[in-house]
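Colleague: Please take a close look at one part of this model, and then place that part in the rest of the chain. I would like the cut-offs spelled out as you go.

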Amino acid sequence: MNTSALIRPAWTPATIALMVIGFMVFWPLGLAMLAYIIWGDRLEGFKRDVNRATDGIFAGCRRGSDRAARWGHGSARTGNVAFDDWREKELERLAEERRKLDEMLSEFDEYARELRRAKDQEEFDRFMANRNKSKSPTTGGSTGSTTNNKRGGNSTPGLLDE
């Protein structure tokens, strides 16, 4: 059985049980499980961002080793010139494919980020519209009831009414 299907960041019986057990054993474990349940779906993006940053940091090391291999330093050369040339061309082709895939990944991430932003904006607009609808009748109703109470005489007398 795949453990990621059993323990996923959602309110499943398994995650609730692990959270309760975590609180009973050592409260930070329960708190960590609660955080995982609530914010665990954001871990994929976080891991991807960390991996991309790490790849960017170590890309310079890779480029340095590629230069050293081209100049015959290290164990990159086999002694067969034809094979070494073919290998170099293939590695360059693969590096270009990698750059294209990285560009497509960044474009998709940007697209997904825009979709999330649009969805969040739509939800916020709907919330504000509902909030404004519910606020406007109560504001108008309270003003009318205050004037009726002062004129009607049914209300209890206050300091200003006396």
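Modeller: In helix α3, the buried residues (under 20% relative accessible area with a 1.4 Å probe, protein chains only; over 50% is exposed and the range in between partly exposed) are G30, M33 and I37. These residues lie on the same side of α3, because they cover an arc of only 60° around the axis, the arc being that of the directions from the helix axis to the C-beta atoms. The model is a predicted one, in which local features need pLDDT of at least 70 and side-chain atom pairs count only at pLDDT 80 or more, whereas totals for chains, interfaces and linings use all residues. Residues are numbered from 1 along each chain as its sequence is written, and side-chain values use heavy atoms, with hydrogens and water left out.

Helix α3 takes in residues 27-39, and its 13 residues reach 18 Å from the first C-alpha to the last, close to the 18 Å expected at 1.5 Å a residue, where the expectation is 1.5 Å times one less than the number of residues. A35 also belongs to α3, but this residue is partly exposed, with a relative accessible area of 28%. Between the C-alpha atoms of A35 and M19, which are 16 residues apart along the chain, the separation is 9.7 Å.

As for the rest of the chain, the secondary structure comes to five helices and zero strands, counted as DSSP runs numbered from the N terminus (H or I and at least four residues for a helix, E and at least two for a strand). The order along the sequence is therefore written α-α-α-α-α, and 8% of the 162 residues of the chain count as buried.

Elsewhere, the structure holds one aromatic pair, for which the ring centres of Phe, Tyr or Trp (its six-membered ring) must lie within 6.5 Å, with planes under 30 degrees apart called stacked, over 60 edge-to-face and the rest tilted. This pair is formed by F83 and W86 and is tilted, at 5.8 Å centre to centre and 35° between the planes. Because F83 and W86 are three residues apart in helix α5, about one helical turn separates them. The relative accessible area of F83 is 36%, which means that F83 is partly exposed.
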